[in-house]
Amino acid sequence: MKKKIRIKWKNIILVGLVLGLLVTGGFYLYSNFFLLSDTETKSIKIEKKKKEYQFKLFMVGDALIHESVYYDARLSNGGYDFKPMIELIKPISSSYDLAYYNQETILGGKAIPYSNYPRFNSPQEVGDAMIDAGFDLVSLATNHTMDKGETGVIESTKYWNSKEQIITAGSWSSQEERDKVRIYEKNGIKYAFFSYTTWTNGLNPPTGKEYLNNVYSNEKAKADIEKVRDKVDVVIVAMHWGTEYSLGVSEDQTKIANYLSELGVDLIIGAHPHVVEPVEYINNGKTFVIYSLGNFISGQIGVEKLTGLMMEVTIKKVVDVDGDVTVSIVNPKADLTYTRYHLNSSNRDFKVFPYAQLNETILPNYRSYYEKYKGIVSSRYSELEWGIGA
Ligand SMILES: [Zn+2]
C-alpha cells in the first residue's frame, strides 16, 4: 500500500510537471509565433515598398590649356591660379552630386616645362581650380595624353592620385592600376566610369604600356564593361572621339555609340571636336549620348570654339515591389558657356561665362549664337530642356 501511494504521488507530481511544461512551452511557442509573424509582416511591408534613388550629374567639356591661358593665370610668386577664370561656373558646378569634365591637356606640372600646342604640358593648378569648383569626375584619355610621354602620365597620375575624393579614368601609371575594377557609389546608386580615346595624334603608348593612355577598341571596351555590368546600376563612358570642328555626328561616333549601348552603357559623354554637337537617346532610350560638349576653357579663336555645352542629367534607380531594378537617365538639361578673353591685349583676362550672364559688350550678337548652338545641340532631341543655374 505504502508503495502504491508513493507511486501515485510520484505520478501526480510528474503529470503536474508535464502539464506545467506544456502550458509554459505552449504559451512560449504561441507568443513567439505571433511575434515572429508580426515581424515577418513588417519586413514584407518594407520590401514591398517601391524604392527610388537618384543623383544629379553635371558635365562640361575640354580644359584645353594653351599658353595664353596659363600665362594669364600666372601669379607674381611664380605659381598659378585658374580659379578666377571659372568663378562664374563654380556656383553651378558645385551644387551637383557629381561634376564631370575632360582634362584635355596633361597636368604634368612643374616637373616638366609647361608647353603649348602641339605638345602640351599644363600646370596642376588647373586641376586645383576645377576641384575647387566641385568637379570630381575627370576623363584623362585624350589625343594629348602622351604629349610628354610616360613622364607626363606619371606626373599627372601622381597628382590625381593625391586627390583622394576625385575619380579619374583613362590614364594610369601601371598595368596593375589599370586592371583594378573600380565601382563607385552615389546616393545608393552604384556606378562605373570609363574613359577612352579614339585619337592619339600618332603618339601611341609603347607596347606593354598601353595603360598610359586608354586607346579605344571594341574588344577593350567589351572586356572592361563586362567585368562590371552586373555589379553596378549605371555605366558611364567618356569618349574622346569625333571630328574636330564638326558640328555633326560622324559615322564612327554613331557606330561606337551603338556598340557601347549594346554592351549596356547608360551614358556616353563625348569630347574632342572642340565645338558642340547634338545629344540624343539611342537604342530605344537605353543610352543617352552627348556627342561633344565642346571646349570648356581654351585659348582657341572663334565663337564656335569658345562656346561650350553644360549638361545636367538625373540618374534614377527604381527598385519595384518585386525587387526589379530599373535605371534611367532622365531630365537632361542643357546650357551654354562662353570663354571670354581679349585676343590682342597683354591682359587676356580669361573668364568662362554662362551665356545667361553675357551681354552685347562681352559677346556681340550673343543671343543669335545661343539660338544657333541650341539648335545644333537639340537637333536630334527637340524635347531637350534649356536653362541651367539661371
Ligand atoms: Zn582632343
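In helix α4, which spans residues 125-132 of this predicted model, the residues E125, V126, G127, A129 and M130 are buried. The elements that cover these buried residues include the strands β1 (51-63) and β2 (98-103), together with the helices α2 (67-73) and α5 (149-161). After α4 comes G134, a residue whose phi is positive, near 100 degrees.

Helix α5, one of the elements that cover α4, has 13 residues, and from its first C-alpha to its last it reaches 18 Å, which is close to the 18 Å expected at 1.5 Å a residue. Within α5, the residues G152, V153, E155, S156, T157 and W160 are buried, and the buried residues of this helix pack against strand β4 (167-169).

These helices belong to a protein chain whose secondary structure comes to 10 helices and 15 strands. Of the 390 residues of the chain, 39% count as buried. If one takes the contacts between residues at least 6 apart in sequence, 72% of them join residues that are at least 24 apart.

We can now turn to a sheet. Strands of a sheet pair through backbone hydrogen bonds, and they may do so either parallel or antiparallel. In this structure, six strands form an open sheet with mixed pairing, and their order across the sheet is β5-β6-β7-β8-β10-β9. Strands β5 (184-186) and β9 (279-282) stand at the edges and have a single partner strand each, so one side of each is left without a neighbour in the sheet. On average, and with direction ignored, neighbouring strands of this sheet are turned by 25 degrees against each other.

Strand β8 deserves a closer look, beginning with its partners. Strand β7 (residues 234-240) runs parallel to β8 (residues 267-271), and five bridges join the two; in this pairing, A238 stands opposite I269 of β8. The strands β7 and β8, with helix α8 (residues 251-262), make a right-handed β-α-β unit. Strand β10 (residues 287-290) also runs parallel to β8, to which three bridges join it, and here I268 stands opposite V289 in β10.

How much of β8 is covered? The strand is mostly covered, since five of its five residues are buried. L267, I269 and A271 point one way from β8, whereas I268 and G270 point the other way, and all of them are buried.

Two residues of β8 also appear in a wider setting, the largest nonpolar core, which has 88 residues. The residues with the most contacts inside this core are M59, Y100, V237, I268, I269, I290 and L293, and β7 gives the most to the core, with six residues. Leaving aside residues up to four places away in sequence, I269 touches M59, Y100, I236, A238, I290 and L293. The residue A238, which stands opposite I269 across the pairing of β7 with β8, is thus found again among the residues that I269 touches.

Methods
Residues are numbered from 1 along each chain as its sequence is written. This is a predicted model: local features need pLDDT of at least 70, side-chain atom pairs count only at pLDDT 80 or more; totals for chains, interfaces and linings use all residues. Two strands pair if DSSP finds at least two bridges between them. Helices (H or I, at least four residues) and strands (E, at least two) are DSSP runs, numbered from the N terminus. Axes are lines fitted to C-alpha atoms, for helices over the stretch in contact, and angles run from 0 to 180 degrees between N-to-C directions. A residue is buried if 20 or more other C-beta atoms lie within 10 Å of its own, exposed if 12 or fewer, and partly exposed in between; C-beta atoms are placed from the backbone. Two residues are in contact if their C-beta atoms, placed from the backbone, lie within 7 Å. A crossover is right-handed if, with the strands pointing away from the viewer, the path from the first strand over the helix to the second runs clockwise. A nonpolar core is a set of buried Ala, Val, Leu, Ile, Met, Phe, Trp, Tyr and Cys residues joined through C-beta atoms within 7 Å. The expected span of a helix is 1.5 Å times one less than its number of residues.
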